[in-house]
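Colleague: Could you walk me through this model, one feature at a time? I would like to hear the reasoning behind each answer.

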Amino acid sequence: MESASQDINLYSPNKGLLADAMTDVPVDNAARGAAPEGLSLAEEEELRAELAKVEEEIGTLRQVLAAKERHCGELKRKLGLTPLDGLKQNLSKSWHDVQVSNAYVKTSEKLGEWNDKVTQSDLYLSASSTLEDWNEKLTQSEAYKKTQETLSQAGQKTSAALSNVGSVISRKLGDMRNSATFKSFEDRVGTIKTSIRANGLSDM
């Protein structure tokens, strides 16, 4: 019983050894019980042999798959690929598979047909025409025109006001420079410069 329980693990490297050992053990026909209804003993023996062969192949494939998965993990580790990279790649592949699947293609085609039917329907065309009429009436209404004129006048007044402010500032600066106070200040600055230069020359 101990050896049998140890080989229960499907991924054990010893998988298949127990099955091989058990196939070599003779089985008494009486212990098996009667053959299933509709099967002869020869047919039963043939099916049991095929079953044993398939189970052995499954065990071998599991061992090969486990070895391939280990090798794949080593390659990813050497390449510096993280589990997140693998997840992204799997999601991208899954989305691509969805896009090329028959169900997705048929759904897209059906939605396209529905869109064509809706946009060509009398209700849709009538609603579009009504909205265009409302838009035309709105843009041609007196209230709309007055609003546009008011906004235009407000913009012009703002530009004129800013231009007037600039002109006033320039004029004020010009008046200030021509004033007696400013000229007196310039004369004093010139006198100070002359005195500094004269003192500098005398020191030399």
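Modeller: Gladly; we can go from the overall fold to single side chains, keeping in mind that this is a predicted model.

Colleague: Let's start with the overall make-up. How many helices and how many strands are there in the protein?

Modeller: Reading from the N terminus, the elements run α-α-α-α-α-α-α-α-α. The count is therefore 9 helices and 0 strands, given that both kinds of element are taken as DSSP runs.

Colleague: What share of the 204 residues in the protein is buried?

Modeller: The protein exposes about 17,800 Å², and carbon and sulfur atoms supply 59% of that area. For a residue to count as buried, its relative accessible area has to be under 20%. Among the 204 residues, the buried share is 4%.

Colleague: Of the contacts between residues at least 6 apart in sequence, what percentage join residues at least 24 apart?

Modeller: A contact here means heavy atoms within 4.5 Å. Taking the contacts between residues at least 6 apart in sequence, the part that joins residues at least 24 apart is 30%.

Colleague: Now helix α4. What span should its 39 residues give, and how far apart are its end C-alpha atoms?

Modeller: Helix α4 covers residues 41-79, and each step along a helix adds 1.5 Å. The expected span uses one less than the number of residues, so α4 should reach 57 Å. The end C-alpha atoms agree with that, as they are 57 Å apart.

Colleague: Which residue just after α4 takes a positive phi?

Modeller: Helix α4 ends at residue 79. Just after the helix, a phi of about 75 degrees is found at Gly-80.

Colleague: And which residues in α4 are buried?

Modeller: The cut-off is again under 20% relative accessible area. Glu-44 meets it with 6%. The buried residues of α4 are Glu-44, Gly-59 and Ala-66.

Colleague: A buried Glu-44 makes me curious. Which side chain does Glu-44 meet in a salt bridge?

Modeller: Side chains of opposite charge can pair when their charged atoms come close. The partner of Glu-44 sits 4 residues away in helix α4, which means about one helical turn. This partner is partly exposed, at 41% relative accessible area. With N to O at 3.0 Å, it is Arg-48.

Colleague: How many salt bridges are there by this rule?

Modeller: Besides Arg-48 with Glu-44, Asp-97 meets Lys-93 at 3.2 Å, and Lys-110 meets Glu-113 at 3.7 Å. These distances fit the limit of 4 Å between nitrogen and oxygen. The count comes to 3 salt bridges.

Colleague: In the salt bridge within α5, is Lys-93 buried or exposed?

Modeller: Asp-97 and Lys-93 both lie in helix α5, 4 residues apart, about one turn. Asp-97 is partly exposed at 35%. Because exposed means over 50%, a relative accessible area of 52% makes Lys-93 exposed.

Colleague: How many residues separate Lys-110 and Glu-113 in helix α6?

Modeller: An α-helix has 3.6 residues a turn, so residues three or four places apart point the same way. Lys-110 is partly exposed at 39%, and Glu-113 is partly exposed at 40%. The two lie about one helical turn from each other, being apart by 3 residues.

Colleague: On to the rings. What arrangement do Trp-95 and Tyr-104 form?

Modeller: The structure holds 1 aromatic pair. In that pair, the rings of Trp-95 and Tyr-104 lie 5.9 Å centre to centre, with 80 degrees between the planes. Because an angle over 60 degrees sets the class, the arrangement is edge-to-face.

Colleague: Which residues make the nonpolar surface patch of about 340 Å²?

Modeller: Patch residues need over 30% relative accessible area; Trp-95 has 46% and Tyr-104, in helix α6, has 32%. Helices α5 (83-100) and α6 (102-119) each supply at least two residues of the patch. Its members are Trp-95, Val-98, Tyr-104 and Val-105.

Colleague: One last residue. Which residues does Tyr-124 touch, not counting those up to four places away in sequence?

Modeller: Tyr-124 is found in helix α7, residues 122-140. At 39% relative accessibility, Tyr-124 counts as partly exposed. Leaving out the residues up to four places away, Tyr-124 touches Val-118 and Thr-119.

Notes. Residues are numbered from 1 along each chain as its sequence is written. This is a predicted model: local features need pLDDT of at least 70, side-chain atom pairs count only at pLDDT 80 or more; totals for chains, interfaces and linings use all residues. Side-chain values use heavy atoms; hydrogens and water are left out. Buried means under 20% relative accessible area, exposed over 50%, partly exposed in between (1.4 Å probe, protein chains only). Rings of Phe, Tyr and Trp (its six-membered ring) pair if their centres lie within 6.5 Å; planes under 30 degrees apart count as stacked, over 60 as edge-to-face and the rest as tilted. Patches are made of residues with over 30% relative accessible area and no salt bridge: like charges are joined within 9 Å, nonpolar side chains (Val, Leu, Ile, Met, Phe, Trp, Tyr) within 5 Å. Accessible areas come from the Shrake-Rupley method with a 1.4 Å probe; for residues, only the protein chains shown count as cover.
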